[in-house]
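Visitor: I'd like a close look at one part of this structure, the place where the ligands are held. Could you walk me through it?

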Amino acid sequence: MKRIAVLTSGGDAPGMNAAIRAVVRCAAYHDIKCLGVAQGYEGLIDGIFRKIEVRDVGSIIQRGGTVLRTSRSERFLTEEGRKKARQQCDDRNIDGLIVIGGDGSFRGAWELQKMGLPVVGIPATIDNDVNGTDMTIGFDTALNTALDAVRRLRDTAHSHDKLFIVEVMGRHCGFIALQTAVAGGAEFAVLPEIPFDIGALCKKLKASRLSGKNYSLIILAEGVMSGYELQKKLAEQAPGYKATVTVLGHIQRGGAPSSYDATIATRMGAYAVNCLLEGKHGVMTGLVNGHMTPVPLPNTWEVKKRLNPELLELVKELSI
Ligand SMILES: Nc1ncnc2c1ncn2[C@@H]1O[C@H](COP(=O)(O)OP(=O)(O)O)[C@@H](O)[C@H]1O
Ligand SMILES: O=P(O)(O)OC[C@H]1O[C@](O)(COP(=O)(O)O)[C@@H](O)[C@@H]1O
Ligand SMILES: [Mg+2]
């Protein structure tokens, strides 16, 4: 293994830079040259590679976003695009590629692996929707950002006897919504994994009010519906409940990685290089019960990662 490349793909996540730094430094430690690919699969197709050395990744461990930049690439979804990308790697004698991204990026990485390029994936997405790893890089930071917002909203909700709907990210999954609801002490979590029941929500709000509670917080994952749609449904079903909507949006994607995210990103970056060195490829650097584990890439999306049932129960039991 003489020369590897690294890229970031899909939605950015706090901690991606810490992972890039670890990849570059671990590669240098083993005397392997490292090339950075700009803008994910877009840059791979267009051949935008540049050498990155140990000093180039100084003081990025604490920065959010990704210094390599990222993209969602339509072209990479085509065979023609992927062939071009594969050829760009051959032209530069790349022995292995490290893909830092989420489930979509791993599907793309697997296509490259099938075309004969050794690939290792590092899970990084605020959504945490990657099977085979307890946590993805960026999830913990996004949670803390959402929690901070919820705590601020609770202050004003309490002061004004208000009902708040807080829309958080999560297109197909409710990890951010569920954990924000648990840690933020919300009354209700509306999640893509659980069929939405407006009747149950109204019942809960009424019971809460009857028991003397004058304010409530509903945490809604964007994948179910928008905060404004839920506001409208509530107004139709329970006219006494006028909700105020806050959409957290892309604020959840930025910021310095938490200590947890900077640590797992560092561990995963180094582990990815070691996997390539040991001939383990077509795998993701999974964190399983605290241990770094090589997880076959298809396992990361073929099995849907489940929400923690204990947390689901806790939202129901404690929000009275
Ligand atoms: N089935 C697939 N085959 C090939 N490439 C894919 C596939 N799914 C996604 N990709 C590539 O990975 C990119 C990132 O995926 P996306 O789902 O947007 O983000 P994430 O990796 O964060 O989940 C896509 O824009 C596309 O180029
Ligand atoms: O910024 P975009 O492209 O609109 O994407 C928004 C989506 O990206 C995410 O922030 C992260 O998703 P991915 O990791 O799959 O890219 C989702 O929570 C959100 O739905
Ligand atoms: Mg994804």
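**The pocket and its two ligands**

Guide: Happy to. Let's start with a contact: an oxygen atom of ligand 1 lies 2.7 Å from a backbone N or O atom of S73. Please keep in mind that this is a predicted model, and that every distance and area here is computed from it. The backbone serves ligand 1 at G104 as well, where an N or O atom is 3.1 Å from an oxygen atom of the ligand. At S105 the partner is in the side chain instead: one of its N or O atoms is 2.5 Å from an oxygen atom of ligand 1. On its own, ligand 1 has 560 Å² of accessible area, and the protein covers 80% of that.

Stepping back to the surroundings of ligand 1, there are 15 residues around it, and those that come nearest are R72, S73, G102, D103 and S105. By class, this shell is made up of three nonpolar, eight polar and four charged residues. Helix α4, which spans residues 103-114, supplies five residues, the largest share of the shell.

Now for the space itself. Ligand 1 takes up the largest pocket, and ligand 2 sits in the largest pocket too. The volume of this pocket is about 740 Å³. It is lined by 30 residues, of which G10, R72, G104, S105 and R171 are the closest to its centre. Helix α4 comes up again here, giving the most to the lining with six residues. Sorted by class, the lining has six nonpolar, twelve polar and twelve charged residues.

Let's turn to ligand 2. Around it you will find G10, G11, R72, T125, I126, D127, M169, G170, R171, E222, H250 and R253. Among these, R72 is also one of the residues that come nearest to ligand 1. The shell of ligand 2 divides into two nonpolar, five polar and five charged residues.

Three side chains are worth following in your viewer. A polar side-chain atom of T125 is 2.6 Å from an oxygen atom of ligand 2. For H250, the distance from a polar side-chain atom to an oxygen atom of ligand 2 is 2.7 Å. The side chain of R171 has an N or O atom 3.2 Å from an oxygen atom of ligand 2. As for cover, the protein hides 80% of the 480 Å² of accessible area that ligand 2 has on its own.

To pull the picture together: both ligands are placed in the largest pocket. Ligand 1 has contacts with the backbone at S73 and G104 and with the side chain of S105. For ligand 2, the contacts described come from the side chains of T125, R171 and H250.

Key: Residues are numbered from 1 along each chain as its sequence is written. Chains are lettered from A and ligands numbered from 1 in the order in which they are written. This is a predicted model: local features need pLDDT of at least 70, side-chain atom pairs count only at pLDDT 80 or more; totals for chains, interfaces and linings use all residues. Side-chain values use heavy atoms; hydrogens and water are left out. A residue is near a molecule or strand if one of its heavy atoms lies within 4 Å of it. A polar contact is a pair of N or O atoms within 3.5 Å; within protein, one must be able to donate a hydrogen and the other to accept it, and residues adjacent in sequence count only if both atoms are side-chain atoms. Accessible areas come from the Shrake-Rupley method with a 1.4 Å probe; for residues, only the protein chains shown count as cover. On a 1 Å grid over the protein atoms alone, a cavity is a set of points where a 1.4 Å probe fits but cannot get out, and a pocket is an open set with protein on both sides within 12 Å along at least five of seven lines; lining residues have an atom within 4 Å of a point. A molecule sits in a cavity or pocket if more than half of its atoms lie within 2 Å of its grid points. Helices (H or I, at least four residues) and strands (E, at least two) are DSSP runs, numbered from the N terminus. Ala, Val, Leu, Ile, Met, Phe, Trp, Tyr, Cys and Pro count as nonpolar, Asp, Glu, Lys and Arg as charged, and the others, Gly among them, as polar. Grid points are joined across faces, edges and corners, and a volume is the space filled by probe spheres set on the points.
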